Amino acid sequence: MLEEPTIQLEEIDANLKEENVVLTIAVRNPTDRTLYAYASPRRIEYDPSTRKLTVALHDQHIGPDHPMAPHLPHPRIEPLEAEGVTPVAVQLPPVVRRVRSAAERTSGEPMVEVWEITEATEVTVEVAHQDTPYYYNPHVDKEAQLKRWGGQIARKTSRVKIVPPRRPPDAELDG
Amino acid sequence: MSLLIATTDGTTTFSDGQVQVDLISIALMDTGLGFAETTTTDIEGVTTYPVTYTQSEAGVTADRVDDLVNNTNGVPANPRIVIFGVDDSFVLSDGTPLKGNGVAIPVGVTGNPFTADVATFYDITLCGGQGIWVDAEGGGTTQMTTDVLLYHELSHCFHFVTGTTAPTSAEEEVAAEIDENDMRDVRGLTHRDVNSHNGGCGGGPVNCCIIASLATGSPYSEEINSFRHYREHTLRGSIVGDDFFERLYHSYYAFSPEVVRLMGRKPVLGDAVRSGYVVPLLGALELLIHYGKHRGAGVAGLLLDQSRRPDCRHAFGRTAVAGLVTQIDLVEAVVRHGALENVAVHAPSTAPQAPVEELADLIRSRIVEHELLQFALVDPLRIWARGMLEIHDGIRPEAVEEHVTSALAEWVGGLPIGEVWTSFSRLKAGDELVALDQFMFDRRARTTFGRRLAEQVPALAGVCTEWSAAEPEGGPDA
């Protein structure tokens with residue numbers, strides 16, 4: 001298993017495609033073998049006051065007592081070409097609805113906090129990676145094995161402006 | 001009435017209509033099920049209405065609804081259970097997405113929006129329309145439906161409110177999956193494997209066994225599913241087994257992506273790899289599983305059966321197998337004598353030579369250097385191919401049986417010994433050795449492996465001697 005973060009996140013591009021926010025992360029694998037990375041968002045955090053969006057492609061925040069721990073979904077794993085740059089696309093809803101816990105709602109806020117993440121101006125992405133794909137083992141607690149597999153994490157923060165994809169001018173469409 | 005459906009928190013609306021549809025399904029379309037939509041109750045800022053039920057349909061799932069609604073069978077009036085039907089844009093308070101999932105949160109647990117009631121959320125979009133798969137009983141995958149997903153979460157809720165939650169989250173999950181299978185019976189869906197909690201968005205896990213998947217046409221083919229199930233549930237059931245596969249993957253994935261790329265660039269290689277390697281290897285894996293399950297009995301019969309399979313004739317026929325034996329002998333010569341220049345890959349005569357040679361270079365440079373790859377991917381193929389050749393040559397089945405079981409006993413006794421053994425106490429090492437009994441039941445294998453392990457980890461010499469001399473646990477499957 002990898003003993004330290006090995007990949008480099010070179011660029012983060014954010015766009016609106018078919019009503020979803022798509023983060024495209026250019027991931028450099030400097031090693032001479034294919035590596036593998038989470039390509040599923042596992043934690044989304046957004047601060048509307050600073051417009052900072054953080055997307056974790058790992059499960060390090062899940063403890064054994066987390067209500068989701070026993071049935072964390074199998075992550076999508078993307079192979080990263082050896083000695084090359086692979087684009088990893090992550091799709092997010094344009095509006096994220098966070099369920100506030102009871103402890104946060106002492107002054108009567110609505111249960112759901114609505115985040116318009118298309119307004120984000122800064123994105124931090126954290127990507128777990130390993131030198132083999134993830135294979136589920138039914139004999140080991142799911143969160144423990146996912147955290148072990150994804151123990152090495154690369155991070156990158158970028159300024160972004162989330163814009164819809166450019167449409168070609170009408171003349172090009174006609175031609 | 002302690003089962004309620006959430007409609008809104010004042011700013012966000014929830015999909016109560018789909019919750020109603022799913023509850024009607026769970027209650028077996030019982031017309032006694034009702035929804036008192038005008039009798040709303042505000043629970044900490046969330047508008048809810050109660051479910052009502054006068055049961056007339058008999059069935060386990062309808063009984064569960066009756067218990068939850070009418071507070072029977074130990075279900076108290078409080079805490080109440082509030083159901084939220086949500087789409088794939090929701091996340092829990094810590095940012096964990098609910099997409100493709102459901103969750104039930106007991107009172108007092110971080111993330112519960114209520115101070116005194118149980119909340120359950122489930123993704124009514126089934127992962128934004130992609131669908132949700134879970135591992136199926138007996139191997140393969142089965143799909144999730146919204147009513148089955150809700151019933152699963154209501155099982156957790158039932159346990160929470162009745163104080164019957166299992167001691168560990170894994171055991172609680174098993175209990176909910178056992179209940180879930182009752183709802184699967186109602187829907188006529190394949191049972192879920194309650195000993196495997198894997199699942200996710202889409203049709204199934206796609207990041208595994210890629211060469212075999214390409215060669216057999218699908219990652220979900222019956223043969224791939226069967227081997228995956230055996231690997232996950234039997235072979236990886238011990239620390240040594242899990243460690244073995246982790247190290248094997250490390251070696252295997254050092255070269256397999258290049259094979260896949262080659263196969264993608266040179267489609268002719270797909271046929272060569274399939275008939276020249278993957279299909280025979282699947283035959284060899286079937287032989288190994290049979291050997292372990294039946295304590296070596298009937299291996300000649302299995303080979304005879306394989307030799308007659310019409311769909312494998314191209315790979316299991318005498319000419320193909322004889323060619324394979326020659327190639328493996330050459331690989332062995334490389335391992336023993338370093339004669340690299342002699343290695344080639346068996347391929348159909350119509351295949352252009354260049355890509356085959358490129359593949360041969362790759363295999364030559366990678367497989368033969370790795371003890372684990374040699375042990376797991378070359379040696380079983382050699383044993384299988386030699387046995388198959390004897391079958392084709394009309395050798396008596398009794399003799400084939402003896403040759404093959406002897407070779408397998410020698411092979412399994414040569415299981416590579418990882419560093420993990422040095423971390424074991426004698427007690428733990430004893431448990432791990434017993435776990436090997438499923439394949440090391442033959443006296444020759446036990447003697448060989450026990451001696452090798454004692455040499456490499458002298459602290460375990462005593463336990464190795466005891467294990468080698470003991471009778472193996474268990475017996476052949478019926």
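In this predicted model, chain A exposes an accessible surface of about 8100 Å², and carbon and sulfur atoms account for 45% of that area. Of the 175 residues in chain A, 55% are buried. The C-alpha atoms of the chain fit a box of roughly 60 × 55 × 25 Å along the principal axes. As for charge, chain A carries 21 positive and 28 negative charges, and the mean positions of these two sets lie 4 Å apart.

The secondary structure of chain A consists of eleven strands and two helices. Following the sequence, the elements appear in the order β-β-β-β-β-β-β-β-β-β-α-β-α. Contacts that reach far along the sequence are well represented: when pairs at least 6 residues apart in chain A are considered, 72% of the contacts join residues at least 24 apart.

Strand E7 of chain A, spanning residues 84-92, offers a closer view of this arrangement, beginning with Gly84(A). Gly84(A) has a relative accessibility of 11% and therefore counts as buried, the cut-off being under 20%. Beyond its neighbours within four places in sequence, Gly84(A) is in contact with Val27(A), Arg28(A) and Asn29(A). For one of these partners, Val27(A), the separation along the chain is 57 residues, while the C-alpha atoms of the pair are 8.2 Å apart.

Further along, Val88(A) is also part of strand E7. Its relative accessibility is 2%, so Val88(A) is likewise classed as buried. Setting aside residues up to four places away in sequence, Val88(A) touches Leu23(A), Thr24(A), Ile25(A) and Val27(A), together with Tyr38(A), Ala39(A), Glu78(A) and Leu80(A). Val27(A) is thus a partner of Val88(A) as well as of Gly84(A). A contrasting case is the pair Val88(A) and Ser101(A): these residues are 13 apart in sequence, yet their C-alpha atoms lie 32 Å from each other.

Turning to chain B, a helix pair deserves a look. Helix H9(B), residues 268-293, and helix H15(B), residues 397-413, have axes that come within 12 Å and cross at roughly 90°. The two helices are therefore roughly perpendicular to each other. On the H9(B) side, the residues that meet the partner helix are Leu287(B), Leu288(B) and Tyr291(B). Their counterparts in H15(B) are Val404(B), Thr405(B), Leu408(B), Ala409(B) and Trp411(B).

Definitions and conventions:
Residues are numbered from 1 along each chain as its sequence is written. Chains are lettered from A and ligands numbered from 1 in the order in which they are written. This is a predicted model: local features need pLDDT of at least 70, side-chain atom pairs count only at pLDDT 80 or more; totals for chains, interfaces and linings use all residues. Side-chain values use heavy atoms; hydrogens and water are left out. Helices (H or I, at least four residues) and strands (E, at least two) are DSSP runs, numbered from the N terminus. Buried means under 20% relative accessible area, exposed over 50%, partly exposed in between (1.4 Å probe, protein chains only). Contact means heavy atoms within 4.5 Å. Accessible areas come from the Shrake-Rupley method with a 1.4 Å probe; for residues, only the protein chains shown count as cover. Lys and Arg count as positive and Asp and Glu as negative; His and the chain ends are not counted. The place of a charge is taken as NZ of Lys, CZ of Arg, CG of Asp or CD of Glu. Axes are lines fitted to C-alpha atoms, for helices over the stretch in contact, and angles run from 0 to 180 degrees between N-to-C directions. Angles under 35 degrees count as roughly parallel, over 145 as roughly antiparallel, 65 to 115 as roughly perpendicular and the rest as oblique.
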